[in-house]
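This briefing is meant to be read alongside the sequence and the coordinates. Topics run from the sheet to the core, then to a helix pair and a few individual residues.

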Amino acid sequence: MKIRILTASDIRRALPMPAAIDAVAAAYAQLAAGKATMPLRSRFHTPNGVTLLMPAHLHESDDFAVKIVSVYEGNPTLDLPTVTATVLVLDPLTGIPRALMEGDRLTALRTGAAGGVAARHLARTDATVVALFGAGAQARAHLEAVTAVRSIERILIVDPVAGAARGLAEEIARWPEAPEVIVDDSPRKAVSQADIVLAATTTMTPLFDGRDLKPGTHVTGVGSFKSDMQEIDAATIARARVVVDQREAAMAEAGDIILGKAVIDAEIGEIVNGTRPGRQNDDEITFFKSVGLAVQDAATAAAALRAAEEKGLGTVIDMS
């Protein structure tokens, strides 16, 4: 039995963001159409942390993978990351493992791609200004995805760590045809100018006042992943048409949805499939909430593996 090992660098070379967006869109479409098997994540606790198992099988594309995520709060004292992820891709016909992948890059890629799918269907086609809350890996990935589907001319970065914001701004400035980047410590100023607002932080309380949003703004929130975390306030929820990656997951895990008493209008897969409309007019405010689903991991991992095989990326190990 042979298995292909893909590092973060291999994944970056194998799967550019536009291809990841297409893969995640296909995953959402299959999930919404009832053509995916995705059990609830299982949790295994040890004395020092928790490990999550996230399996998924997409029936049409036949993508099959399991992501393993560990969260160990004490790891930084050992010079190790708090959160680590690994993805195992399996052959759905035989159950034989085909690839083992570094999961942190893949997670950032698939999460950013989810925001790209949402922006493709929900942001105004003439959107040019982004307000970005956060300056970490997830924020970077979401910005990369939005610039893949809209012609962004200006980015306003809001982050409490000024050094992180400046570092991201310097990185963006090196992008081909880079947009203008402004580091701004005023959420109100950033939001009031934005056509698209991206929130990718670990805050427990809302980042901005939803009354400051312009008509026609699209908002994506990915940072809050527990029922008591709230990046996006109730004022935004009240003004917006709310779209989620999956109703069940959002109602169980997303503080933005639970605390904001949101009425969910659609799953993004329903919009991809055309059973629910995308943006309906230029004044509509839209909010997409993603908690992250195993189908995203399965789809992006399978796409990365196919590309890696074509390009000869990674290291193939004979396990026999």
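Which residue in S9 does valine 130 stand opposite? Valine 130 stands opposite isoleucine 155 in that strand, and this pairing is a convenient way into the sheet described below. The model is a predicted one, and every value given here is computed from it.

**The eight-stranded sheet**

- The sheet is open, has eight strands in the order S10-S9-S8-S11-S12-S15-S13-S14, and shows parallel pairing.
- Strand S10 (180-183) and strand S14 (264-267) each have a single partner strand and stand at the edges, so one side of each is left without a neighbour in the sheet.
- From one strand to the next, the twist averages 20°.
- Strand S8 (residues 129-133) and S9 run parallel and are joined by five bridges, with valine 130 opposite isoleucine 155 in S9.
- Strand S9 (residues 154-158) also pairs with S10, again in the parallel sense, over four bridges; isoleucine 157 has valine 183 in S10 as its bridge partner.
- Strand S9 is mostly covered, in that four of its five residues are buried.

**The nonpolar core**

- In general terms, nonpolar side chains of soluble globular proteins tend to be buried together.
- Here the largest nonpolar core has 103 residues, and those with the most contacts inside it are Met101, Val130, Leu132, Phe208, Ile257 and Val295.
- Helix H11 (residues 294-311) supplies the largest share of this core, namely ten residues.
- Leucine 132, one of the residues with the most contacts inside the core, touches Ala139, Leu143, Ile155, Leu156, Ile157, Val158, Leu168 and Leu198, when residues up to four places away in sequence are not counted.
- Among the residues that leucine 132 touches are therefore Ile155 and Ile157, which also appear in the sheet pairing, isoleucine 155 opposite valine 130 and isoleucine 157 with valine 183 as its bridge partner.

**Packing of H2 against H4**

- Helix H2 (residues 17-32) packs with helix H4 (residues 137-149) at an angle of about 90°, and their axes are 9 Å apart.
- That angle makes H2 roughly perpendicular to H4.
- By class, the contact of H2 with H4 has seven nonpolar residues, no polar residues and one charged residue.
- On the H2 side the residues are Met17, Pro18 and Ile21, and they meet Ala141, Glu144, Ala145, Ala148 and Val149 in H4.

**Individual residues outside the sheet**

- Aspartate 62 has a positive phi of about 60° although it is not a glycine, and aspartate 62 is found in the loop between strand S4 (49-58) and strand S5 (63-71).
- Aspartate 62 counts as partly exposed, because its relative accessibility is 35%.
- Lysine 261 likewise is not a glycine but has a positive phi, of about 50°, and its place is in the loop between helix H9 (255-259) and S14.
- Lysine 261 counts as exposed, because its relative accessibility is 71%.
- Threonine 46 lies in strand S3 (residues 42-46) and is partly exposed, with a relative accessible area of 27%.
- Threonine 46 and tyrosine 72 are 26 residues apart along the chain, and their C-alpha atoms are separated by 9.4 Å.

Note on methods. Residues numbered from 1 in each chain as written. Predicted model: local features only at pLDDT ≥ 70, side-chain atom pairs only at ≥ 80, totals over all residues. Heavy atoms only, no water. Core = buried A, V, L, I, M, F, W, Y, C linked by side-chain atoms within 4.5 Å. Buried < 20%, exposed > 50% of the residue type's maximum accessible area, 1.4 Å probe, protein only. Helix = DSSP H or I, 4+ residues; strand = E, 2+ residues; numbered from the N terminus. Contact = heavy atoms within 4.5 Å. Axes fitted to C-alpha atoms, helices over the stretch in contact; angles between N-to-C directions. Parallel < 35°, antiparallel > 145°, perpendicular 65-115°, else oblique. Nonpolar A, V, L, I, M, F, W, Y, C, P; charged D, E, K, R; others polar. Pairing = 2+ DSSP bridges.
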